[in-house]
Each structure stands twice: as structure tokens, then as C-alpha cells.
Amino acid sequence: MRTASNVLGTPLIPCGFDPLTGFYRDGCCNTGGDDTGLHLVCSEVTEEFLQFSKARGNDLVTPVPQWNFPGLKPGDRWCLCVVRWKEALEHGVAPPVILEATHISTLEFVTLDELNEHAVSSSD
């Protein structure tokens, strides 16, 4: 299997394992044809973002065990849908991103400059 690239053009690194993230629940923001939500952006979610997303109909706080979803709390790293991250950006509540763990396809929706403005270190 081919290794995906991140927005910096280097190999995609894992986003998070606790909670286990990624559309494929592999810890990475990998994507494929069945990922219709495009879970591409590795973010450290904030309370502000979680409330914004919930108000938009996507509750990321409440656990959903049948989907292996533990519910998120501020500081958790999660592969967000790129369209939701862009919407949050437009409303001034975009959470920080980990560039090395954000899939290169994100650049089809937002610019590297926009991502850089919200970047945090992968080791933070």
C-alpha cells in the first residue's frame, strides 16, 4: 500500500491513537473513496470548535459506542472533515492543525497559508 503525503509533501504521520482517530480508525487522516466526509485535517479540538460543530448538527462530544466513537474533549486530536474545518475557519473558530498529520488533499479546499496560521507542532 502506498504511503499518503501530508500538506508539506512529506509522508503522513499519525494524528492520534487516544482517542483512536481517522476514518479508518488507524490513527491517521487517511482517506479513500468510501470516506465521503473527507476526514483529512488533523486538529487539536477546542471547546469553541466542539460547540460550533454541535450547533451545526455534528455533535463530536457525545459518545456513540456503535460507531466506536468515544466523544471528544478539548485537546483531543481528531481527523476532522475538511469542509467543517473550512467552515470553522470562516467563522473564526478553526481549531489548531498538525500539518505533518493533515492529508495533502486538504489543499484542494484550503490554502497552506490558512493552515499555517493555525499550525501547532506535532510534538505539542
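Start by selecting E48 and A55 in helix α1 of this predicted model: these exposed residues sit on the face of α1 turned away from its buried side. Now turn to the opposite face and pick F49, L50, F52 and S53, the buried residues of α1. Around the helix axis they span an arc of only 160°, which places them on the same side of α1. If you like to check such patterns by counting, recall that an α-helix has 3.6 residues a turn, so residues three or four places apart point the same way.

What do the buried residues of α1 pack against? Colour β2 (77-81) and α2 to see: both are packed against by that buried set.

**The α1/α2 pair**

Show helix α1 (residues 47-55) and helix α2 (residues 82-90) together. Their axes lie 11 Å apart, and the packing angle is about 110°. That value falls between 65 and 115 degrees, and α1 and α2 are therefore roughly perpendicular to each other. The crossing of α1 past α2 is right-handed.

For the residues that make the contact, select F49, F52 and S53 on the α1 side, then R84, E87 and A88 on the α2 side. Sorted by class, this contact of α1 with α2 holds three nonpolar, one polar and two charged residues. Notice that F49, F52 and S53 have come up before, among the buried residues of α1.

**Around α2**

Stay with α2 and highlight V82, R84, W85, A88 and L89, which are its buried residues. Their arc around the axis is only 160°, so they are on the same side of α2. On the other side of α2, look for V83 and E90, which are exposed.

Next, bring up the partners of that buried face. The buried residues of α2 pack against β1 (39-44), α1, β2 and α3 (112-116).

**The ends of the two helices**

Step just past α1 to G57, where phi is positive, at about 95°. Then step past α2 to G92, which follows that helix and also has a positive phi, near 75°.

**The segment before β1**

Now move toward the N terminus for a few backbone details. Select D18 and P19: the peptide bond joining them is cis, with omega at about 10°. P19 belongs to the segment before β1.

R25 is another stop in the segment before β1. Its phi is near 50°, a positive value in a residue other than glycine. Is R25 buried, exposed or partly exposed? With 25% relative accessibility, R25 counts as partly exposed.

L38 lies in the segment before β1 as well. L38 is not a glycine either, yet its phi is positive, at about 50°. Its relative accessible area is 26%, so L38 is partly exposed.

**A buried loop residue: T106**

Jump to the loop between α2 and α3 and select T106. The relative accessible area of T106 is 0%, so this residue is buried. Which residues does T106 touch, leaving aside its neighbours within four places in sequence? Show V7, L40, V41, V82 and L115, which are in contact with T106. One of these, V82, you have already met among the buried residues of α2. For a distance check, draw a line from T106 to K86: the two are 20 residues apart in sequence, and their C-alpha atoms are 9.7 Å apart.

**After α3: H118**

Carry on to the segment after α3 and select H118. Not counting residues up to four places away in sequence, H118 touches W85, L89, A94, P95, P96 and V97. Two names there, W85 and L89, belong to the buried residues of α2. Put a distance label between the C-alpha atoms of H118 and P96: the separation is 4.8 Å, for residues 22 places apart along the chain.

**Last stop: Q66**

Finish in the loop between α1 and β2, where you will find Q66. Is Q66 buried or exposed? Its relative accessibility is 64%, and Q66 therefore counts as exposed. To end the tour, label the C-alpha distance from Q66 to L112: these residues are 46 places apart along the chain and 35 Å apart in space.

Terms used: Residues numbered from 1 in each chain as written. Predicted model: local features only at pLDDT ≥ 70, side-chain atom pairs only at ≥ 80, totals over all residues. Heavy atoms only, no water. Axes fitted to C-alpha atoms, helices over the stretch in contact; angles between N-to-C directions. Helix = DSSP H or I, 4+ residues; strand = E, 2+ residues; numbered from the N terminus. Parallel < 35°, antiparallel > 145°, perpendicular 65-115°, else oblique. Left-handed = near helix turned anticlockwise from the far one by under 90°. Contact = heavy atoms within 4.5 Å. Nonpolar A, V, L, I, M, F, W, Y, C, P; charged D, E, K, R; others polar. Buried < 20%, exposed > 50% of the residue type's maximum accessible area, 1.4 Å probe, protein only. Arc of directions from axis to C-beta.
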